[in-house]
Amino acid sequence: MGSQGEASPSPLPLTLSPIETILPSQNTDSTPIPLSLIDHCLAYVVDTVYFYPNPVESSSHHRHELVPKLRQALSEILVPYHFLAGRLAQNPSNGMLELDCGRQGALFASASCELAMADLGDVTFPNPAFRALVLQPPLQNAVAAKMTDAPLLMMQVKEYTYIRR
């Protein structure tokens, strides 16, 4: 895809599964959580991409278990971190933003890529093609989309072809 440190503008050949909504595995507290004044001043979206190589000893069978295990783990971690399954909302009494902990769910999708991780080049350098690695929420109405419509947590898991060198 490019030599080390070189940003490649070519799109990544990703195949994305349907986006799922993952709910906490148990009932959770639905009490809204007010945001701090700092949260109000610094409200912005942070896209983060992590790369992990497949263990050399992992078999194809174990790699196919990865997505169901991550889906279940996400459902379980949303119990103690239940607010991540919520949405931003405006408090009707004071107009301030708060976390609506109403169990709307986190978004989850898996993807596959026909490239080896080595083909991505140096993943520590920004690359516009990596934008495809960030799950984008489906928008009901793109014109009216607001921060309060978006899930607080979206997770996309990708499996790359593993080439032993």
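Is Ile38 buried or exposed? I looked this up before anything else. Ile38 has 59% relative accessibility, and the cut-off for exposed is over 50%, so I log Ile38 as exposed.

**Entry: what I am reading**

I am working from a predicted model. I checked confidence next. The chain has a mean pLDDT of 81. I find 79% of its residues at 70 or more. By element, strand β2 (residues 20–22) has the highest mean pLDDT, 95. Strand β7 (residues 154–161) has the lowest among the elements, 78. Over residues 1–8, pLDDT stays under 50. The model still gives that stretch 17 contacts beyond four places in sequence. Where pLDDT is low, predicted coordinates should not be read in detail. I leave those contacts uninterpreted.

**Entry: layout**

I count two helices and seven strands in the chain. Read from the N terminus, the order is β-β-β-α-α-β-β-β-β. I then looked at contacts with a separation of 6 or more. Residues 24 or more positions apart account for 82% of them.

**Entry: around Ile38**

I went back to Ile38, which sits in helix α1 (residues 37–41). Ile38 belongs to a nonpolar surface patch. Leu42, Tyr44 and Val46 make up the patch with Ile38. I note its area as about 470 Å².

**Entry: the open sheet**

I traced a three-stranded open sheet in the order β3-β5-β4. Its pairing is antiparallel. The edges are β3 (33–34) and β4 (87–90), each pairing on one side only. Two bridges link β3 to strand β5 (residues 97–100). One partnership I looked up there is Pro34 with Glu98 of β5.

**Entry: strand β6**

Why do I call strand β6 (residues 106–116) largely enclosed by the rest of the structure? Nine of its eleven residues are buried, so the label follows. I then listed pairings of β6. Strand β1 (residues 14–16) runs antiparallel to β6, joined by three bridges. In that pairing, Leu16 has Ala111 of β6 as its bridge partner. Strand β2 is also antiparallel to β6, again with three bridges. Here Glu20 is matched with Phe108 of β6.

**Entry: burial and surface**

I closed with totals for the chain. Of its 165 residues, 28% are buried. The exposed area is about 10700 Å². Carbon and sulfur atoms supply 58% of that area.

Note on methods. Residues are numbered from 1 along each chain as its sequence is written. This is a predicted model: local features need pLDDT of at least 70, side-chain atom pairs count only at pLDDT 80 or more; totals for chains, interfaces and linings use all residues. Side-chain values use heavy atoms; hydrogens and water are left out. pLDDT is the predictor's confidence in each residue, from 0 to 100. Helices (H or I, at least four residues) and strands (E, at least two) are DSSP runs, numbered from the N terminus. Contact means heavy atoms within 4.5 Å. Two strands pair if DSSP finds at least two bridges between them. Patches are made of residues with over 30% relative accessible area and no salt bridge: like charges are joined within 9 Å, nonpolar side chains (Val, Leu, Ile, Met, Phe, Trp, Tyr) within 5 Å. Accessible areas come from the Shrake-Rupley method with a 1.4 Å probe; for residues, only the protein chains shown count as cover. A salt bridge is a side-chain nitrogen of Lys or Arg within 4 Å of a carboxyl oxygen of Asp or Glu. Buried means under 20% relative accessible area, exposed over 50%, partly exposed in between (1.4 Å probe, protein chains only).
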